[in-house]
Structures are given as C-alpha cells and as structure tokens.
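Visitor: Could you take me through one part of this structure slowly? I am new to this, so please explain the terms as you go.

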Amino acid sequence: MGELLDKSLIEVGVDAENWEDIISYGSDLLLKKGNVKEGYKEKVIEREHQFPTGLAGKHMGIAIPHTSAEYTLKPSVCVLIPKKPVAFHAMASEADMIDASVVLQLAVKNGDMQLEMLRRVARILQDEELLAHLMKAKDKQEVIRLLAPILEDK
Amino acid sequence: MKKLRVLSVCGSGTVSSSMISQKLGDIGSDHGFQVEAVEVNANQVKDALAAGNYDCICYASPIHGEFSIPVINGIGLLTGIGEEEIEEEILKIADKLEE
C-alpha cells in the first residue's frame, strides 16, 4: 500500500474551468507516470458523462472521477486541489451540481489491493476536518502531510 | 447468524459499489448479522435480480424500474451524511430476516 501517495500525482492550485479540464489534467499526470494506459482520459470523461462522481460533503464538495480497471496499470490516487471549486454533476442525482474543492481521481484495479485503496479513500471522503485542510493546502508537501496517515499508515 | 443479501449498484460496478458494500459489512458486524453484497453496474441489475435472491438494493447510480425489494440510495454511506438514516433502513430490513 505504501506507494499510493505519489508526489507527481498531487497538484495544488490546478487551473480548471470545468470537470473535463480537471479530469484531463489528472489523466495526464497518471499517464505521464505510466500508471494508466492510453485512452484512460477519454474513458474517464465518457464515464463521468454517464455516471457522474460529485459528492456533497457537509461543508464542501468532492469528486472521485474514475473508470473501470482495464485502463489501469498501477492502482493510484491522484490528488487535485483546484484553484477554485469545479462543478461536477452529483453521483446518483445528475441534475444536482456539486462544487468540488478536492478531486481524488482514481485508477483502480480489481482485487484486494483495490478494496484496501477504496477503504482508505472512503475514510478521506468522510473526514470533514481533513477535507477542509486539504482544500486550503498551499503546496504538495502539505497534501502529503495530511494524507500520509491515511494512505500510507504513517 | 442472519444474512442480508444486498445488490450494490454503481456506474462501473467497482468503485462506489465496493465502498458501499464495505460500509454495509461494517453495519452488519456492528449489529450481529452477515452482509453478502454483490457489486454490479446499473445495466446488470435486472439480470442479477433474475439470477439470485436479494433482500435489498443499495445504489450509487440511479436505477430505473419497479422492484419487489427495498431500494436504498447509498450515497450517504460514501459521504457520511445521512448515514444514520441508511443504517436504520438497513436494520429494518435485517430485522425481518429469518435466522
């Protein structure tokens, strides 16, 4: 599990006008790192159209764009903090929009590894205090410091 | 031990449905029943219901149609908001199960 948090998959102050922009940004990071296959970006965007992933937290919105396992080479969590919140359609109620202040873009693979990763991502989603700190994070180091206890058992 | 059989539904049948299944499993172990969850995507719901017996459906992506078993919006299990209400619904269904 130790390598889930990767400095090159974290970006703070991402300039994104809309959800396609930020997914595209995250996909490029994952692709550059070699963690996903060509076509991942298009698939995640296509899937987000069909099955949106915006989630309303108590004080802020989050989004967890992803696609199925076939495009994943290495399970990863890409952490993107946009400069200003990005509107995503809400999961299970497409008509609602969620202003996402934190975007956790996932590359998943089937099996136990994925379950453990998802368990940890679920913990982040439910930790309001952590999310509040995350959205205000000033740099990568701060994001790493905040997420390491959950993603890397540190 | 009672066993609650849940059909867990999301867009790809992987990420959100797996998180929901885990949370349901936690609710089960807190209250002394077993949760057997099967994850599917929204298009697989009909076939899954035809092929197996389920006590309820819990979804993170909208499903359409008429169902003979309770259908629960599971988003709260992902965000933590409204989690208690979902837990209550699940417990009500579990209460009716036979040992």
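**A close look at chain A and its helices**

Guide: Of the 154 residues of chain A, 44% count as buried, where buried means that 20 or more other C-beta atoms, placed from the backbone, lie within 10 Å of a residue's own, exposed means 12 or fewer, and partly exposed lies in between. This is a predicted model, in which local features need pLDDT of at least 70, side-chain atom pairs count only at pLDDT 80 or more, and totals for chains, interfaces and linings use all residues. Residues are numbered from 1 along each chain as its sequence is written, while chains are lettered from A and ligands numbered from 1 in the order in which they are written.

Let's start with the chain as a whole. Chain A contains five helices and six strands; these are DSSP runs numbered from the N terminus, with H or I over at least four residues for a helix and E over at least two for a strand. Starting at the N terminus, their order is β-α-α-β-β-β-β-β-α-α-α.

Now for the pair of helices near the start of that order. Helix α1 (residues 19-33) of chain A and helix α2 (residues 40-50) of chain A have axes that come within 9 Å and cross at roughly 150°. Such axes are lines fitted to C-alpha atoms, for helices over the stretch in contact, and angles run from 0 to 180 degrees between N-to-C directions. α1(A) and α2(A) are therefore roughly antiparallel to each other, since angles over 145 degrees earn that name, under 35 count as roughly parallel, 65 to 115 as roughly perpendicular and the rest as oblique.

Which residues meet here? From α1(A) come A:W19, A:E20, A:I23, A:S24, A:S27, A:L30 and A:L31, and from α2(A) come A:Y40, A:K41, A:V44, A:I45 and A:E48. Two residues are in contact if their C-beta atoms, placed from the backbone, lie within 7 Å. By class, the contact of α1(A) with α2(A) has seven nonpolar, two polar and three charged residues. Here Ala, Val, Leu, Ile, Met, Phe, Trp, Tyr, Cys and Pro count as nonpolar, Asp, Glu, Lys and Arg as charged, and the others, Gly among them, as polar.

Chain A also touches chain B, with 22 residues from chain A and 18 residues from chain B in the contact. On the chain B side, α1(B) gives the most, with five residues. Helix α3 (residues 112-126) of chain A and α1(B) have axes that come within 9 Å and cross at roughly 80°. α3(A) and α1(B) are therefore roughly perpendicular to each other.
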